[in-house]
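This report describes pockets, a disulfide and strand pairing in one protein chain. The sequence and the structure come first, and the description follows.

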Amino acid sequence: MRPGVAPAAVLVPLSLLLLGGAVRPASPLPDRMADTGGGTQLITAVAAGTGSTTGTVTWWDRMGGRWATAGSAPARFGAKGLAEGAARRQGTYTTPTGLYGMPYAFGAEPAPRGTAYRYRPVRRDSWWCQDDGSRSYNRWTEPRAADCRATEAEHLIGFRAQYAHALVVGFNYRRPVHGRGAGIFLHVNGRGATAGCVSVPKKAMRRILRWADPARDPHIAIGTEGGRTSITRH
């Protein structure tokens, strides 16, 4: 040790004493967000940056005026990362950032016991229309709508693993803007990154469905740790 240089182990406690004690822990993520949707349940899906294809999904409960973690799981995002929801275009393999409601759940397997969400079973004639020229754009159609081309629609039964259980993410849903994107879900992991959805392990997806209560108005917030697409901007 050089004379006159205090070790870091001494400097840190002294600085803490000058600050009046221990450093306060960071507030829960929902408390740092501009908007959480107004309900008492929230799912956050966070990636390090817009180029990331992995991150973390956390689900939260608000009780007694405080947000607390109810669960967490590793997440996957689009193969081309994330993009601002308002500027996203269809076919870009990006996950849209933003704050969204979750209209209903669906699955190729029965709903986990305790699921409160409306749960649509995936059947052989269940499709999700992504045809930009169809009146059924960004909608479940059963059977496939006449004006929705099969090449521009997702045959849900063909993705039994990924859609064993899923929640519809309300991106571009209430008043669909054609060309912005369709079929964004929170679903079970496939083999790798998604085409624009958010995915989690099957066990986590089942836990989320048992936890989510539509009476508590849950929303999902998708974003990055910082920058223009930071989750705290929602």
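A pocket is here an open set of grid points, on a 1 Å grid over the protein atoms alone, with protein on both sides within 12 Å along at least five of seven lines. Its volume is the space filled by probe spheres set on those points. The structure is a predicted model, and the values below are computed from it.

**Pockets**

The largest pocket has a volume of about 500 Å³. Its lining consists of 27 residues, and those nearest the centre are Y93, Q130, E154, A195 and G196. By class, the lining of the largest pocket holds nine nonpolar, 14 polar and four charged residues.

The second largest pocket encloses about 170 Å³. L99, Y100, G101 and P103 are among the residues that line this second pocket. The lining also includes G170, N172, Y173, R174 and R175. Here the division is four nonpolar, three polar and two charged residues. The table sets out the two pockets.

| Pocket | Volume | Nonpolar lining residues | Polar lining residues | Charged lining residues |
|---|---|---|---|---|
| Largest pocket | about 500 Å³ | nine | 14 | four |
| Second largest pocket | about 170 Å³ | four | three | two |

**The three-stranded sheet and the disulfide**

An open sheet is formed by three strands in the order β9-β8-β10, with antiparallel pairing. β9 (139-141) and β10 (153-155) are the edge strands, each of which pairs on one side only. Direction ignored, neighbouring strands of this sheet are turned by 25 degrees against each other on average. Between strand β8 (residues 127-129) and β9, the antiparallel pairing runs over three bridges. Within that sheet, W127 stands opposite T141 of β9.

How many disulfides does a search of the whole structure find? The search finds one disulfide. The bond joins C129 to C148, with an S to S distance of 2.3 Å. C129 lies in strand β8 and C148 in the loop between β9 and β10, so the pair, 19 residues apart, links distant parts of the chain. The torsion about the S-S bond of C129 and C148 is about 115 degrees, and the disulfide is therefore right-handed.

Burial is assigned by relative accessible area, with under 20% counting as buried. C129 has a relative accessible area of 0% and is therefore buried. At 1% relative accessibility, C148 is buried as well. A further cysteine, C197, has a relative accessible area of 6%, so C197 also counts as buried.

**Strand β1 and its partners**

Strand β1 (residues 41-47) is mostly covered, with seven of its seven residues buried. In a regular strand the side chains alternate between the two faces of the sheet. On one side of β1 the buried residues are Q41, I43, A45 and A47, and on the other they are L42, T44 and V46, so that both faces are covered.

Which strands pair with β1? Strand β2 (residues 54-63) pairs with β1 in the antiparallel sense over seven bridges. The hairpin that joins β1 to β2 passes through six residues. Within this pairing, W59 in β2 is the bridge partner of I43. Strand β14 (residues 219-224) pairs with β1 in the parallel sense, over six bridges. In β14, H219 is the bridge partner of L42.

Key:
Residues numbered from 1 in each chain as written. Predicted model: local features only at pLDDT ≥ 70, side-chain atom pairs only at ≥ 80, totals over all residues. Heavy atoms only, no water. 1 Å grid on protein atoms, 1.4 Å probe; cavity = no way out; pocket = protein on both sides within 12 Å on 5 of 7 lines; lining within 4 Å. Nonpolar A, V, L, I, M, F, W, Y, C, P; charged D, E, K, R; others polar. Pairing = 2+ DSSP bridges. Helix = DSSP H or I, 4+ residues; strand = E, 2+ residues; numbered from the N terminus. Axes fitted to C-alpha atoms, helices over the stretch in contact; angles between N-to-C directions. Disulfide = S-S within 2.5 Å. Buried < 20%, exposed > 50% of the residue type's maximum accessible area, 1.4 Å probe, protein only.
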